[in-house]
Structure formats: C-alpha cells, structure tokens
Protein chains: 2
Amino acid sequence: MIRTRFTDLVGVEYPLVCGGMTGLGTAPLIAAVANAGALAFLTALTQPTPEALAAEISRTRDLTDRPFGVNLTILPTITPVPYDEYRAAIIENGVTIVETAGSSPEPHLPAFHAAGVKVIHKATSVRHAVSAARKGVDVISIDGFECAGHPGEDDVPGLVLIPAAVAKIDIPVIASGGIATGAGLAAALALGAEGVNMGTRFMATTEAPIHRNVKEQIVANGERDTVMVFRQFHNSARVARNGISEQIAAIGSRPGATFADVAELASGARGRSRVLEAGDLEDGMWWASMAQGLINDVDSCDAVVRRIIGDAESIMSKRLPGLLSDQDR
Amino acid sequence: MIRTRFTDLVGVEYPLVCGGMTGLGTAPLIAAVANAGALAFLTALTQPTPEALAAEISRTRDLTDRPFGVNLTILPTITPVPYDEYRAAIIENGVTIVETAGSSPEPHLPAFHAAGVKVIHKATSVRHAVSAARKGVDVISIDGFECAGHPGEDDVPGLVLIPAAVAKIDIPVIASGGIATGAGLAAALALGAEGVNMGTRFMATTEAPIHRNVKEQIVANGERDTVMVFRQFHNSARVARNGISEQIAAIGSRPGATFADVAELASGARGRSRVLEAGDLEDGMWWASMAQGLINDVDSCDAVVRRIIGDAESIMSKRLPGLLSDQDR
C-alpha cells in the first residue's frame, strides 16, 4: 500500500489514476481500474447527453463498489455543450470525484464543492496550475511535454515540471505524462507528486474498449514513435506516429499553413474512432504518450495496477534505501 | 552516503557529476566539485593545446587530492583538432576518468582502456547509447530533452529516456538534463540510473568561472526561459532565453533559412564568452537547462553538493518509505 494526501483525499487504495480519455472512458474500463484499487474517470462528453452519462454512471456502479470519477473537459466548441447539465448529472448521480481539463473549471466549482465533489484539475504549466489552485480546485494533475494529447506550448517535461509545480502549490499534485511503470510512480513521488495519472498504459489493457491492433501497436512503438501535430495552430497534440500524423506535421510546417490545409486529413474524432474501433492503424490519428516506449505487454487492468504498485513499493522499500549507507538508513 | 555501481566504478563519494562545460571546466571549479565529493570534468578543448591541458590537470591536482576527470568532446571542426595528442595528455598525466561526447568514442577506446581509464559516454538517444555500450564504453550518460546545449533531435525527456535506456543497457547509466536538486537525484535513481550529471546547477556556484550576472540570471530564470535554436539545421541547442536567442529562433523558423542567416548573430563561442566573461546578458547566447527553474540560489560547490545529497538521502530514507504501509517497509 502507498498512502499519500491524494489517496486520503479521494479515498482510493493506490495513488494511481486512469485519467479521462474521450471515447475510451466507459463503464467496463473504468470499473476494471476501480476494482484494481486505482482511480479512473468516465468521460462525460463521450456520452451524447447528460441522461446517457447518468446511465453510464449507473452501469459503472453495477460493475464496481469502489470509487470512480467523471472527467469533464471544457473546450470551446462550435455546437454548444450543455456543461451545466452534465455537471448536474454528475452531482445528482452521487459521483464524488471530478477531473476537469481544458478551460478554467471556475464556473463549476461552487456547485461541485457544495455537493462535496473533489475536483482534480489538469494543467500543463505551473502558472495555470497555480491559478487553478487559487480558484479552489482540490488537486492539480500536472501534465508534462511527454503526454498523449495536448501538452500545451511550453514543452516542459515532467522531470522539471513536477517539482516546479510542487514548489509553488500547497494542494496535492499528481504527475501526468510519460509515466507507465512502477519506476515512474516512484520517481514522481520522489519529485514531490502524491500520485500519477496514466492514459496510454491503460489503453494497452484487456479491458480498454479499442481494437487490439491499437493495443499491439502501443506495445510495438518506441519512445520516438510519437508525432507532434497542430503546433503551428497553437493547439499542439501528441499522437502516435503513422502516415497520417507525419503528413499532417509536414503540411503544418509549411509557411502559411492553416487548419483548413490539414482538416480533411485530421478529420477529428471520426478519424480517431475509425482507428480505435476498426483497428485500421493508417485510417486516422490517435493520442499517444512517449511512455508507450516503456509498455511491453497488453494485460488486465488488475495485473497492470498490481505490477506498477509492486514495482514502486520494491523501489521505495528496497532499491533506494539499499543505496544508502547504514548510518543514513 | 549513496553508493551505486557508478560510485564504485569511478571511485567518488557521491553519484553526482559536473559534466564537461566548454570554457567553464577549469581547475578552480573542477577542484571545488571534487573536494565536495562529486565528480567533475576539466574540458580538454577549453585548453588551446595538449600541453596547456597537461598544465591544467596539474593545476587541478594542486587544489584537490580527490578524483576528477577530463571531458573530450569530439566534433567535426574546420580546423583539425589534435584529438590523439589531447588523449595522450590525459593518459600521461594520470587521469583515470574521461567523459566523451559528440561523435563516436570508438577510435579512442583502446588507448584509454589500455591505460585503465574509465570512459563515460554522453548520448541523447537509446540507440546511440546502446551502440556506445556495445563498443565498450564503461558508463552511459543519457541526456534528455530538458538539457542545456545539444539534446539531439528526438525530443525525448528524462522521465521516459532514462528508464528506456536502462532497460536496454547493462553498464551503469547516469541521468543528464533537467536535474538540479536532491529530488531529481532520487527520481533518477528510482528510474534506474546510478547517478546524475548536472551542468547548469554548477554554473550557479561561487566557484564557476563566469560573471555573476549570469549566475544571478540562472536563479531568476524559470523553467520556460530557455529557447531551442538551430533546430532547422539539425543541430538543436537549448540556450537561455534572451533577445539574441529569440531572434535566432525566429529567423531560423523562416522558410529556407540557412545557417548563414544567423551566423553573425550566433557568432559561436565568442558571443558566449562575451556573456560569460563580461556579464552582458544580451551580448551572446549561453547554454541553459530547463532545470534553471529549480535553482534558487548561488552557493559554494560544497554547499550545493551537500544539500543535494542530503535532500536525496532524506527522500530515499524518510519520505518514500514513509508513504508505505508497515507491512511493505
């Protein structure tokens, strides 16, 4: 067992989180992670309506008695999203932990806190993390340059970003991006984090609702097999390397490129879901962390969590103290 | 005391290295780090001739009885450098530890090994590290995306690069880039490294032979205050953010830019030495790691080393074991 302020606050066994992954955060995966003793998040916007989210919460509860949360990603969208109704569905259905990402969570904090919901906010820079902490979120999930999806535009990796955030923030900080192993968990705790968030590692599990071709490609890929796209539109996203992502990165680096030049190739979530559901690895892009270079198998969520915790415990109780001379131990 | 295969191999007290810094790696700094129990490297090419290097080795030995090394950076240069003569000066003057960087150290290994010299090779990717280990170097110093100077073109940070290298290499690996604190040392050891290399941290010491304006600027700078230059020439270098580095990065990102477009602005080592010696922070570029965001003071090498080791020991003996339940400890 590894106990931190984070595990105490959210009431989970291990300081290990499966963060919100749009399209993937549905009942079977989330319940499997919860049953393994870690904290996972349903993704609100994966559900077409607040009512569907309520049903998914109920479906998850049928599969586990342990705590789980809901991710609410707040983004500017063309079609308005009824965020307040999703928020109400979260509260009314008794969920007590929420992960927010994207824009400021401020408008949602009074309602969440009045209902006793703990809010974990994802931030990609120290200044945004400090601002969110000041606004009253309960935990910061600090997301480094290595991460899958949107790392921001500062390019500061976890080895520097985690301790820089911890130095400026009093509430618990969990580390996100580039972590997939027990060694990564132990390192994040050494850097002052009180837990870690992993996405790509949980994609390569038996229970992840994606095609097995993708899971096997994550295992096959090395740490260099990601591509940064959309950089020039100030909306950088780290995705797995394939023909499409390399083409988009190349077009985007041409002078004067606009999003219209890559829009058809990118084709947003539809392209991603073609890959994730049908398993045609060249039919779209999907998010991937550099941590895929540290993932060597597809296994059950339970086995993955047990191995990560066991490895971290062994590093913390044996390897590191074993390097100290007797007088320091 | 923290004892690893690396400290045993090179015979130093602490698994802490001040890597070669051209222009800075001269006797007073190197001896001060050695006297503090860490391993530091004179830089061979800072000395105009092999004879001058021999004199600098002798000058360092007057200041310390403890082990120190020499860095030999092997680069393609317009004026041929007498590498074999520098190598002979290292061996003949009884130095037993060498740090190589740049091109392959292979041509120099037989002579070094015949003389009992241990070779630490700096690599910025797993594949180059694996190749150097196969050629027979004794230690790999794996250098992440966060680092000052040349991180290579793969952009893989330490949190992923360190464990990825450790997984593929049997000889000791030390972690370089983004580390300036005891927490960073403990994290690197958790990730499987057997020591850490730091540069920027040792620039901000009393003994570093650079103008105090630069030291104070390192303390003032945050983790976002570095700029990557020369990316488009496949010779990326991370330098401190100032007017010149921002201009060079901007010019370099124009379509069709060539090195000639930035050569005058960059003006190579001369510009750097104007900054480092005269302290005019806008008169050239200097290398800086993102770890400058974790550096809060200028202090003596002895105080810096003692604090880093003390903090790491405390994390390894108290903080991390303290997070485990009794049954795991």
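This is a short selection-by-selection tour of a predicted model with two chains, A and B.

**Stop 1: the barrel in chain A**

Color chain A by secondary structure and pick out its strands. You should find a closed barrel of 8 strands, in the order β1-β2-β3-β4-β5-β6-β7-β8, with parallel pairing. On average, neighbouring strands of this sheet are turned by 30 degrees against each other, direction ignored. As background, strands of a sheet pair through backbone hydrogen bonds, either parallel or antiparallel.

Now zoom in on one pair from that barrel. Select β6 and residues 173–176 of chain A, the latter being strand β7; the two run parallel and share 4 bridges. For a single rung, show A:Asp143 and look across to β7, where A:Ser176 is the bridge partner.

**Stop 2: an odd backbone angle**

Stay with chain A and move on to the loop that sits between β6 (139–143) and α7 (158–168), then select A:Asp155 there. What is the sign of phi at A:Asp155? Phi is positive, about 65 degrees, although A:Asp155 is not a glycine. For context, most residues other than glycine have a negative phi.

Is A:Asp155 buried or exposed? Buried: 22 other C-beta atoms lie within 10 Å, and 20 or more is what it takes to qualify.

Hop over to chain B and repeat the selection. B:Asp155 is in the loop between β6 (139–143) and α7 (158–168) of chain B, and its phi is positive too, at about 60 degrees. B:Asp155 is also buried, with 22 other C-beta atoms within 10 Å.

**Stop 3: a helix residue and its isoleucines**

Back in chain A, select residues 126–135, which make up helix α6, and highlight A:Ala133 within it. A:Ala133 counts as buried because 20 C-beta neighbours fall inside 10 Å, and the threshold is 20 or more.

Which residues does A:Ala133 touch, leaving out those up to four places away in sequence? Show A:Ile140, A:Ile169 and A:Ile171. If you like putting distance labels on things, try A:Ala133 to A:Ile169: the C-alpha atoms are 7.1 Å apart in space, while the residues are 36 apart in sequence.

**Stop 4: helix α8**

Next, select α8 (182–190) of chain A. This helix is mostly covered, with 9 of its 9 residues buried. Among the buried residues are A:Gly182, A:Gly184, A:Leu185 and A:Leu189, along with alanines such as A:Ala186 and A:Ala188. Then step past the helix to A:Gly192, which follows α8 and has a positive phi, near 105 degrees.

**Stop 5: where the chains meet**

Bring both chains into view and select the contact residues: 45 from chain A and 45 from chain B. On the chain A side, α7, α8 and α14 (301–322) each supply at least two residues. Try coloring that side by class, and you get 27 nonpolar, 10 polar and 8 charged residues.

**Stop 6: down the axis**

Finally, superpose chain A on chain B. The operation is a rotation of 180 degrees with 0.0 Å of shift along its axis, and the RMSD is 0.0 Å. That is how a two-fold axis relates its copies. Which residue of chain A has its C-alpha nearest the axis? Select A:Ala187, whose C-alpha is 2.0 Å from the axis; A:Ala187 is also one of the buried residues of α8 from Stop 4. The same surface serves both copies, as 100% of the contact residues of chain A recur in chain B.

Note on methods. Residues numbered from 1 in each chain as written. Chains lettered and ligands numbered in written order. Predicted model: local features only at pLDDT ≥ 70, side-chain atom pairs only at ≥ 80, totals over all residues. Buried ≥ 20, exposed ≤ 12 C-beta atoms within 10 Å, placed from the backbone. Pairing = 2+ DSSP bridges. Axes fitted to C-alpha atoms, helices over the stretch in contact; angles between N-to-C directions. Contact = placed C-beta atoms within 7 Å. Nonpolar A, V, L, I, M, F, W, Y, C, P; charged D, E, K, R; others polar. Least-squares fit on C-alpha atoms with pLDDT ≥ 70 in both.
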